[in-house]
Amino acid sequence: MKQNSGAKPAPRSPHLTTAEARRTILESLAPISGWERVAVRNALGRILLEDVIAPCNVPAHDNSAMDGYAVRFRDLEARPETALAVVGTAFAGKPFSGIVGAGQAVRIMTGAPIPQGADTIVVQEMARAADSQVFIPPGQQAGQNLRRAGEDLALGSVALPAGKRCGPAELGLVASLGIAEVTVRRRLRVAFFSTGDELASIGKPLAPGEVYDSNRYTLFGALSRLGCDMLDMGVVPDNPTALEAAFRGASADADVILTSGGVSVGEADFIRELVNRLGEVAFWKIDIKPGRPMAFGRIGDTWLFGLPGNPVAVLVTFYQFVQDALLVLSGVSPLPEPALFEVSCGEAIRKQAGRREFLRGQLGTVDGRQTVRLAGAQGSGVLRSMSEANCFIVLPEERGDVAAGEPVMVQVFDGLI
């Protein structure tokens, strides 16, 4: 049985700006409860429930940062060269067991413990070896090329904070501490379905008036990247009884329900009415293009996002609102801020003030300067241009037409999608 937590969504105006909608969503949410212990290799993509504390120093001992020679700095003289006798070799897995005395040096490999008596590493490219001696040029610095014990992580320090999502570097960091298991939050459980009598499943011939359901596959891909447990409920017809049954079943099993279609003002759009009866709707319209008809609410302990039916609008609303909401519910902290930067627009764009628009763009370099152009047709049903794009061109509510050469803000897909 799922467990959830968080305040009820505060009633808002049904017509919000993008910023107001994001704030309404994120301020309503709190991380889900539930946790498990997993092996390090199974922690990829998971969210840490608690701090990982270093049980040892990393590195565990002073060691060499370079291949070279371990010497005593006080032996080096300010003359063309200092001749030192090489008395042994130190390897990362086989340290030198003796003591470096006056006028002596030890050949040392990267990662090898610093021999007793030595305090400086001279890189091999700077030294000249001959017979059993090494000749060190002047200009060395005391303590150079050393990595001190605990330099990366000190015993008892926080190696990784709670709320961190584990990537490849985090797995390696945990392993470097000798830790075999970590405590992570349970996976967020998301139920999703498409609505519409016109939708057909892939692999079947289309009847007159039907289209293939692509939105469930889009959402499957987006949710998979977030590491959610998914409950694909298929296509639910535009029928109040069927929709109510789907909502009741999903709310009993999932933390979040995602729907596509059925939230506009058409006579067959039942979702808003049903959610108001079964739970509550915080808002159902946003000043955004594409994606104006989007609902946010709650049925019992389950959060609901009613996304538009048009394929591009599904992606825009998912990445601008839903993805961050799922990260918050999953326990990610701090939440990454949307990364936008300014570039020159390579063509004129027509726009009416009043809505924030997310246009599909192709970001590139022309004459050494970054510029962006539209990536094909911008209709909210043209999924191909979304595939050909590498960024969103973000035009704020107050902006009107854009002339070629004017600056615009872009949000790149790399790291977002």
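User: How far apart are the centres of domain 1 and domain 3 in this chain?

Analyst: Keep in mind that this is a predicted model. In it, the centres of domain 1 and domain 3, taken over C-alpha atoms, are separated by 65 Å.

User: And which residues belong to which domain?

Analyst: A domain can be pieced together from separate stretches of chain, and that happens here: domain 1 takes 18-34 + 187-330, and domain 2 takes 35-58 + 151-185. Domain 3 is 63-147, and domain 4 is 340-412.

User: Let's zoom in on Asn 63. Where is it, and is it buried or exposed?

Analyst: Asn 63 sits in strand 3, which covers residues 63-64. Its relative accessibility is 3%, so Asn 63 counts as buried, the cut-off being under 20%.

User: What does Asn 63 touch?

Analyst: Leave out residues up to four places away in sequence, and Asn 63 touches Gly 111, Ala 112, Pro 113, Ile 114, Asn 145, Leu 146 and Arg 147. Closer in sequence, look for His 61: its backbone oxygen lies 3.2 Å from a polar atom of the Asn 63 side chain.

User: Now the rings. How do I read an aromatic pair?

Analyst: You describe a pair of aromatic rings by two things, the distance of the centres and the angle of the planes. Here the count comes to 7 aromatic pairs. Take Phe 296 and Trp 303: their ring centres are 5.6 Å apart and their planes are at 10°, so this pair is stacked, planes under 30 degrees apart being the test. Both Phe 296 and Trp 303 are buried.

User: Which pair is edge-to-face?

Analyst: Phe 358 and Phe 392 form one, with 5.9 Å centre to centre and 80° between the planes. This pair links distant parts of the chain, since Phe 358 is in strand 23 (residues 356-366) and Phe 392 is in strand 25 (residues 391-395), 34 residues apart. Phe 358 and Phe 392 are both buried too.

User: Which rings join up into one aromatic cluster?

Analyst: Phe 283, Phe 296, Trp 303 and Phe 305 do. Trp 303 has a charged neighbour as well: the charged end of Arg 298 sits over its ring, 4.2 Å from the centre. You can find a similar arrangement at Phe 135, where the charged end of Arg 128 sits over the ring, 4.3 Å from its centre.

User: What about the largest nonpolar core, how many residues does it have?

Analyst: It has 47 residues, and those with the most contacts inside it are Ile 25, Val 256, Leu 258, Phe 283, Phe 305, Phe 318 and Leu 326. Several elements each supply at least two residues of this core, among them helix 1 (18-28), strand 17 (256-260) and strand 21 (302-307). Helix 6 gives the largest share, 13 residues. The core also draws at least three residues from each of domain 1 and domain 4.

User: Can you show me one core residue up close?

Analyst: Try Phe 305. Not counting residues up to four places away in sequence, Phe 305 touches a list that includes Ile 25, Val 256, Leu 258, Met 294, Phe 296 and Val 322. Apart from the largest core lies another, of 19 residues, among them Leu 243, Ala 254, Ile 271 and Trp 284.

User: Last one: is Glu 20 buried or partly exposed?

Analyst: Glu 20 lies in helix 1. With 26% relative accessibility, Glu 20 counts as partly exposed. Compare sequence with space too: Glu 20 and Pro 336 are 316 residues apart in sequence and 18 Å apart in space, C-alpha to C-alpha.

How values were computed:
Residues numbered from 1 in each chain as written. Predicted model: local features only at pLDDT ≥ 70, side-chain atom pairs only at ≥ 80, totals over all residues. Heavy atoms only, no water. Helix = DSSP H or I, 4+ residues; strand = E, 2+ residues; numbered from the N terminus. Buried < 20%, exposed > 50% of the residue type's maximum accessible area, 1.4 Å probe, protein only. Polar contact = N/O pair within 3.5 Å; in protein donor to acceptor, adjacent residues only side chain to side chain. Contact = heavy atoms within 4.5 Å. Phe/Tyr/Trp six-rings, centres within 6.5 Å; stacked < 30°, edge-to-face > 60°. Lys NZ or Arg CZ within 6 Å of the ring centre and 35° of its normal. Core = buried A, V, L, I, M, F, W, Y, C linked by side-chain atoms within 4.5 Å. Domains from an automatic or database assignment.
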